[in-house]
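Visitor: I should be grateful for a close look at a single part of this structure. Please take one charged side chain as the starting point and work outward from there.

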Amino acid sequence: MDQLNQLIENFASFAWGLPLLILLIGGGLYLLIISRFLPFRYFAHAIQVLRGKYDDPNDPGEISHFKALTTALSSTIGMGNIAGVAVAISIGGPGAMFWMWISAIVGMSTKFFTCTLAVLYRGKDSDGQLQGGPMYFIVEGLGKSWKPLAVMFSFCGLIGAFPVFNVNQLTQAINDILLVPQGIKIGFVSNFCIGIVLVIVTSIVIFGGLQRISKTASKLVPAMVILYFLMVLVILGVNIEVVPKYFIMIFTDAFTANNFKGDSFLGGVLGALILLGIRRGAFSNEAGIGIAPMAHGAAKTDEPVREGLVAMLGPAIDTLIVCTLTALAILVTGVWQGSAANGVSLTASAFANAMPGIGQYILMICVFIFSVSSLFSYSYYGTKCMSFLFGAHNKHYYNYFYIISIIIGATTSLNIIINLVDGIFALMAIPTMIATILLAPKVVKEIKIYFNKLE
């Protein structure tokens, strides 16, 4: 197991090298500049679209703008925000959060372009149904000769859509918060039993298809964000005197890396901290990875730019708000300095510290909702990749592999899981970002057409 762990860790480190860093951040900055900082200029308009002001039931697609965003957010606002942030702070200290912010700001532009392309270049599957996503905009936008890139994305997507990280951290939370305090011995058997329960809950929803997934997500996501938001405000209120200190430390540590505990990168600790923040930021909001465009590509709209505007709200909600709240909760309670815990266990310590007796149990509710909603939406992404590779008539077979992956996630160590997902996400980002950068001028042209019509 140690050898396997080292092998997967080496794979993730290699995949997240300097070339990918340049592609994700450099590419995102290029998109931000050629769009003339559109994500920030039309934020209010994006909110209007999200609220349904421009909805037309006769538009092509399967689900509303709101359901498309909540389906995408149900995968991005998940354990990446609770456990992923904890991993970043435990390794990189407060400064890691600053680079996650940078990743999110650039990611808003990337999300806008990728999700606009997902609607602009929708393709048809073997059943003749309209579909969106990187694999379709690669083939439809760049031509058949680029299909190998689409195949690469889809093959990686089959693994990247497995919910192993969410399941792993939910299992860890159940163990730490519910089972261990009751004196129940934890191990493979208890983890396997948790996996079986999650399989049953997940199966009920995912075998119902996109309509059931989006309907469930549209109810769960807003509720879980509000509950989590209120919880963290309580923690910050209890520790209000140190909030300014740690908020400032996020900025100062970003350039000094005083609390960094990981391996150096590019010969320097600061470079390693930047990479850690961007890696965890991409893990959290998935901007540039190509997962969200598969949900937004199913939106009911004939205006690609409109869906891109809705999609760009994702990184703002996910990283700038939810991740920041988690980071501050961990920092102000001081658990990041005095605990060897990692992942969701560190976040649970922060909640227990601020609200003794009940904090960790309320977090358990949030963790369960975050994780289960992610389980529902990720299956949809996997079936889309399966459909593209092997035909729509075979896509339902993916759900059986998906169910097996839940058991694997529940019974495998955190290090193996997070490095595996990191590495696969990196491979998914390569075809997504290459195609997006090449097709960016087409999106700029659509932007001009859309806003001229709007005026």
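Guide: In this predicted model, Lys 453 is exposed, because its relative accessible area of 55% is over the 50% cut-off. Lys 453 nevertheless has a charged partner: this lysine forms a salt bridge with Glu 303, and the closest N and O atoms are 2.9 Å apart. The two residues come from distant parts of the chain, 150 residues apart, with Lys 453 in helix α22 and Glu 303 in the loop between α15 and α16. The setting of the glutamate is another matter: Glu 303 has a relative accessible area of 12%, which is under 20%, and therefore counts as buried. The pair thus joins an exposed lysine to a buried glutamate. Side chains of opposite charge can pair when their charged atoms come close. A search of the whole structure finds one salt bridge.

The loop that carries Glu 303 deserves a second glance. Ala 298 also lies in the loop between α15 (292-296) and α16 (304-311). Ala 298 is buried, with a relative accessible area of 4%. Its C-alpha atom is separated by 6.3 Å from that of Gln 131, although the two positions lie 167 residues apart in chain numbering.

From the lysine, one may also follow its helix inward. Helix α22, residues 414-454, gives 18 residues to the largest nonpolar core, the most of any contributor. That core holds 136 residues, of which Phe 112, Tyr 228 and Leu 309 touch the most other members. In soluble globular proteins, nonpolar side chains tend to be buried together. The surroundings of Tyr 228 can be given by name: leaving aside residues up to four places away in sequence, Tyr 228 touches Asn 81, Ile 82, Val 322, Thr 326, Thr 347, Phe 351, Leu 363, Cys 366 and Phe 370.

A helix pair may be added to this picture. Helix α20 (residues 359-390) packs against helix α8 (residues 134-142) at an angle of about 40°, the axes being 10 Å apart. The two helices are therefore oblique to each other. On the α8 side the contact is made by Met 135, Tyr 136 and Val 139, and on the α20 side by Lys 384, Cys 385, Ser 387 and Phe 388. By class, the residues of this contact divide into five nonpolar, one polar and one charged.

Note on methods: Residues are numbered from 1 along each chain as its sequence is written. This is a predicted model: local features need pLDDT of at least 70, side-chain atom pairs count only at pLDDT 80 or more; totals for chains, interfaces and linings use all residues. Side-chain values use heavy atoms; hydrogens and water are left out. Helices (H or I, at least four residues) and strands (E, at least two) are DSSP runs, numbered from the N terminus. Buried means under 20% relative accessible area, exposed over 50%, partly exposed in between (1.4 Å probe, protein chains only). Axes are lines fitted to C-alpha atoms, for helices over the stretch in contact, and angles run from 0 to 180 degrees between N-to-C directions. Angles under 35 degrees count as roughly parallel, over 145 as roughly antiparallel, 65 to 115 as roughly perpendicular and the rest as oblique. Contact means heavy atoms within 4.5 Å. Ala, Val, Leu, Ile, Met, Phe, Trp, Tyr, Cys and Pro count as nonpolar, Asp, Glu, Lys and Arg as charged, and the others, Gly among them, as polar. A nonpolar core is a set of buried Ala, Val, Leu, Ile, Met, Phe, Trp, Tyr and Cys residues joined through side-chain atoms within 4.5 Å. A salt bridge is a side-chain nitrogen of Lys or Arg within 4 Å of a carboxyl oxygen of Asp or Glu.
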